[in-house]
Amino acid sequence: MNDPTQRISELRSEAEAAIAEAPDTAALEELRVRYLGRKAELPNLLRGVAELPPEQRGIVGRTANEARKGLEALVGDRVAALEAAELDARLAADRVDVTLPGAPPQPVGRHHLLSSTRREIEDVFLGLGFSVMEGPEVDLVHYNFDALNHAETHPARNRSDTFYVADEAVLRTHTSPMQVRAMELYPPPLYIIVPGRVYRRDSDATHTPQFHQVEGLAVDEDVTLADLKGTLLAFARAVFGDERDVRLRPHFFPFTEPSVEVDVSCFNCTGGFMRDGSRCPLCKGEGWIEILGAGEVDPNVFEYVREHGYDPDRIQGFAFGMGIERIAFLKHGVPDLRMFFENDLRFLEQFG
Ligand code: DAH
């Protein structure tokens, strides 16, 4: 009978050589099954020790057991070494270069110049204690004209000037109808501004059929033209610069008495003239630029809301109305009003 210890040594050397060369943990697992698994030769030899002649059992059992333990330890060491190497390789391959720029920022867009101008105006008046209200763009003739003291023959009532949606309803031609609606809703004192869209049958370089206004209304006891002037001076300085002055010129509006047009001192020149002595193109040499209409609320308007707490013998008010396009176009030198509505990116991207 041949010597099993010889075979055990052969198996051990063969297995050791294969384990040393195993390229990865999967290959090692295969070798473990091949040399140490349930059906492998070495464990079988161990299991067969009992059948050997007594003088061989000790030496064969010891040799086989040592071989098995040695191989198990070797596999364990190699698995640990390979796992460490594989982890290192993965870490090296997955390395993040934290010095690379992040994902490029997505463009988030910007406010349209009219929106940013409206917000700027709102901010100024909120700071002066006014609240912001909005109203319907389709309104009754009653609010748009009648309650604002427009004569039956007022030209703005014509269908050639105003969009009628019914005999008694129009696309509002100004934000002023909200004066009466607001007074119906809230008793005095009342300090509001009303931004919004308005509509007129007009279309050229300085008129578009739809545009935007901000109405203002302040009603309280003893509200005078001086309060109006101070309020509008604060507004003009906030929007056009600290050096600005305002002046009031007599004018006519049906719903204010007295009525004024309000000019701001030109912010493009000094007294109408440029540094080189030429005439200022913005104010046309006037030194003043018209920015809005205003006045003291006509008592006839208060008569429409007398039962809501507006007794013209007890309270007074001032009102004003400005075009948002006009403010934006003066401030930013926009040459044609239609540019606000054409959505040309070359224009839009210059603002906001
Ligand atoms: N509603 C007038 C317009 O559209 C502007 C205006 C003038 C509003 C005088 C007012 C005001 O509140 O007092 O032309």
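Where is the place of Pro258? Pro258 sits in strand 8, which covers residues 256–265. The model is predicted. This report takes the backbone exceptions first, then the domains, then the ligand site.

**Backbone**

Pro258 follows a cis peptide bond. That bond runs from Glu257 to Pro258, with omega near -5 degrees. A second cis bond links Pro188 to Pro189, and its omega is near 0 degrees. Pro189 belongs to a loop. Helix 7 (177–185) and strand 5 (190–199) flank that loop. So one cis proline is placed in a strand, and another in a loop.

Asn149 stands out for its phi. The angle is near 65 degrees, a positive value in a residue that is not glycine. Asn149 lies in the loop between helix 6 (141–144) and strand 3 (164–166). Why do these spots deserve a look? Most peptide bonds are trans, and most residues other than glycine have a negative phi.

**Domains**

The protein is split into two parts: domain 1 spans 4–94, and domain 2 spans 113–348. Their C-alpha centres lie 95 Å apart.

**Ligand site**

The ligand takes up the space of the largest pocket. Its shell has 15 residues. The nearest are His174, Ser176, Arg200, Gln213 and Glu215. By class, the shell holds five nonpolar, eight polar and two charged residues.

Three strands each give at least two residues to this shell: strand 6 (210–220), strand 9 (288–297) and strand 10 (316–323).

Polar contacts to oxygen atoms of the ligand include these:

| Residue | Part of the residue | Distance to a ligand oxygen |
|---|---|---|
| Glu215 | polar side-chain atom | 2.6 Å |
| Gln213 | side-chain N or O atom | 3.0 Å |
| Ala319 | backbone N or O atom | 3.2 Å |

Gln213 and Glu215 thus appear twice: they are among the nearest residues, and their side chains reach ligand oxygen at 3.0 Å and 2.6 Å. Ala319 uses a backbone atom for its contact.

How much of the ligand's accessible area does the protein cover? On its own, the ligand has 360 Å² of accessible area, and the protein covers 89% of it.

Note on methods:
Residues are numbered from 1 along each chain as its sequence is written. This is a predicted model: local features need pLDDT of at least 70, side-chain atom pairs count only at pLDDT 80 or more; totals for chains, interfaces and linings use all residues. Side-chain values use heavy atoms; hydrogens and water are left out. A residue is near a molecule or strand if one of its heavy atoms lies within 4 Å of it. A polar contact is a pair of N or O atoms within 3.5 Å; within protein, one must be able to donate a hydrogen and the other to accept it, and residues adjacent in sequence count only if both atoms are side-chain atoms. Accessible areas come from the Shrake-Rupley method with a 1.4 Å probe; for residues, only the protein chains shown count as cover. On a 1 Å grid over the protein atoms alone, a cavity is a set of points where a 1.4 Å probe fits but cannot get out, and a pocket is an open set with protein on both sides within 12 Å along at least five of seven lines; lining residues have an atom within 4 Å of a point. A molecule sits in a cavity or pocket if more than half of its atoms lie within 2 Å of its grid points. Helices (H or I, at least four residues) and strands (E, at least two) are DSSP runs, numbered from the N terminus. Ala, Val, Leu, Ile, Met, Phe, Trp, Tyr, Cys and Pro count as nonpolar, Asp, Glu, Lys and Arg as charged, and the others, Gly among them, as polar. Domain bounds come from an automatic or database domain assignment.
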